[in-house]
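Open the structure in your viewer and keep the selection tool ready. Each stop below says what to select and what is there.

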Amino acid sequence: MRSLRLIMVIFAVLFAAVILSFSLGAVYVIEEGRQVVITQFGKPVGEPVTSTGLHFKQPLIQEAHYFEKRLLDWDGDPNQIPTKDKKYIWVDTTARWKIVDALKFLQSVGNEMSAQGRLDDIINSATRDIITSHLLAEAVRDSNRILETRAEGEDMIVTDEALERIEVGRKLLESAILEKAKVLAPQYGIEILDVRIKRVNYVEDVRNKVYDRMIAERKRAAEKYRSEGQGKSAEIEGQVAKELKAITSEAYRAAQVITGKADAEAINIYAAAYSQNPEFYSLMKTLETYQSTIDGKSTVILTTDSDYYKYIKSLD
Amino acid sequence: MDWKNVPSPDEIIDVGKKNFNDFWKWIPAAIIGLFILIGLRGLIYSIGPDEVGVIQRFGKYIDLSSPGLHAKIPFGVDKVTPIKVEKVFKEEYGFRTIEPGARTRYSSGNYQDESLMLTGDLNILDVRWIVQFKIKDPVKLLFATRRPEDNIQDISEVVMRRFVGDYTVDEVLTTKREEIDDLAQQEIQRILDTYNVGVHILTVKLLDVNPPEKVRPAFNEVNEAKQEKEKMINQAWEEYNKVIPKARGTAEKTIRESEGYATDKINRAKGESARFLATLEEYNKAPEITKKRLYLETLTQVLPNAKEKYIIDAQQKSILPLLDINKKGGL
């Protein structure tokens, strides 16, 4: 009973000690992804603590300031910026940053809220500088692949305005903004790791003009398809006429050749036979002609010296 | 109130003292009981079958725990965060699903900020897409970036807009959709890996891609014109197919007919010459008499058929006397 009591007392004392040390601030915990700067009466003490786990400090007089060690995001408000070719666009950027020097961060900006404010200034002005010194196409496109595909002969509906050859492209603009913004960040204990162009859009009245242009472009394309249809249809009609002529004339030619050959052969056959006795042939043919030409409507005039009469005469 | 039985102050103190002593006796037991209760509650935890537990001791990451029942140190020393590593998460851009199901309902809200983007030919398209991902590294997910979901959201938009910005309207609408899906997936993964977000992008898929409301009729007109073009061409080919085979048939007929003519001609020639030669052979045996006979026979046969016959003297130079003036239709 006595030993149980002792254990209870020890337990209670330990418990009280733990509660006390936590509440007075002798012990503090750094979670994964955090870091701490210790200050004594507002004055920083030592280097920032970046290792995680349980740590000790002087109770009451020392204070722990927690900061993020993880990658943080920054998302600016969209900015209306004119491009080099005087087109007004909304540009919305997003960035990733980190607190690399917690001590400097604490001294120069104090907290994340005001850090975001500084980042607004740094990144927005870098974005503005870069966008205004480039063409709209550079901020939209990333390569000249449309131009290249078009050069390969792909059928495309593209406005001339969009066919500007670009030299930089969106990805490199992002890098340029990052390079520019990066320089100003270290004084705040911040490192900017990435800046990306999230959205690029036309401002309202430009957008309506673009819609009108798109409509005109489409109408033109529709007209092109229609006339292509008509052209192709006419082409096929011509093809029909051409093939028709070819077929009929070829048939005519073949028929003439066949007929001619047959005629020639017939002449040959006749000649071979009739030349054996042309006189007899004349006789036969004459008689045949009589037979076929004299009919019920014919009037026959015989002279007295015709063969027929000759025979009659000679019969006398 | 009954004033007779009121206890004296001493009595009250005695009772209080007794109660107080009793109370003191119970305090340690109560505290221990409380500790055990809290301890038991915080001692055991379970991880679901599709989860992994990330264990932190005094904030420091120490281990992962697999699905099942586990023990940990209570009183806030150990902290366990369960992370769903099997689940496929879906992010939607340009629209939001309100109620998934057989007939999924979509929010009619306006997400044009998200969906309207510029194409490479400086036109505007309304693009809706989804990104599906899984958590591949719970430790990175929790400790490398503060808001992994925002990173995914931002980078999806960044990448999709960059690719759409490199293609023409027509390509995004039709032929290059899958190409863009694939490229976007790889690029989103690449960028998120540089941030150590700890997710694995499974799919990026373009869903509805439309021209903005205002220009849609013009786009439809193009499609109609395309159909019209096809129709005209088909009609022309139809005409072709109607005319040409028929002409070929007719041509064939002409040739066959001429062949028939040839056969006929030659056969006749052969027949006639054979007949001639046969008669000639006999003729040659007695030419004079045969000639006369044939002549006379023919005339005998022919002359009766004639309507009128005249015999005139060979010396007669004019045939005028023969003209019959009375004949109807005559001179």
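Start with both chains: the contact between them takes 102 residues from chain A and 90 residues from chain B, where two residues are in contact if their C-beta atoms, placed from the backbone, lie within 7 Å. This is a predicted model, in which local features need pLDDT of at least 70 and side-chain atom pairs count only at pLDDT 80 or more, while totals for chains, interfaces and linings use all residues. Residues are numbered from 1 along each chain as its sequence is written, and chains are lettered from A and ligands numbered from 1 in the order in which they are written.

Next, select residues 204–274 of chain A. This is helix α7, and it gives 41 residues, the largest share of the side of chain A that touches chain B. Helices (H or I, at least four residues) and strands (E, at least two) are DSSP runs, numbered from the N terminus. That side of chain A divides into 50 nonpolar, 21 polar and 31 charged residues. Here Ala, Val, Leu, Ile, Met, Phe, Trp, Tyr, Cys and Pro count as nonpolar, Asp, Glu, Lys and Arg as charged, and the others, Gly among them, as polar.

Now select helix α8 of chain A (278–293) and helix α8 of chain B (287–302). Their axes come within 9 Å and cross at roughly 10 degrees; axes are lines fitted to C-alpha atoms, for helices over the stretch in contact, and angles run from 0 to 180 degrees between N-to-C directions. That makes α8(A) roughly parallel to α8(B) (angles under 35 degrees count as roughly parallel, over 145 as roughly antiparallel, 65 to 115 as roughly perpendicular and the rest as oblique). Among the residues making this contact are A:Leu283, A:Tyr290, B:Leu294 and B:Tyr295.

Stay between the chains and select β10 of chain A (299–303) with β12 of chain B (308–312). These strands run parallel and are joined by 5 bridges; two strands pair if DSSP finds at least two bridges between them. A:Leu302 stands opposite B:Ile311.

Move into chain B. An open sheet of 3 strands there has the order β3-β2-β5, with antiparallel pairing. β3 (60–65) and β5 (78–84) each have a single partner strand, so one side of each is left without a neighbour in the sheet. Within it, B:Gly53 has B:Ser65 of β3(B) as its bridge partner.

Last, select β10 of chain B (124–135). It pairs with β11(B) (199–210) in the antiparallel sense over 9 bridges, and B:Val131 stands opposite B:Val204.
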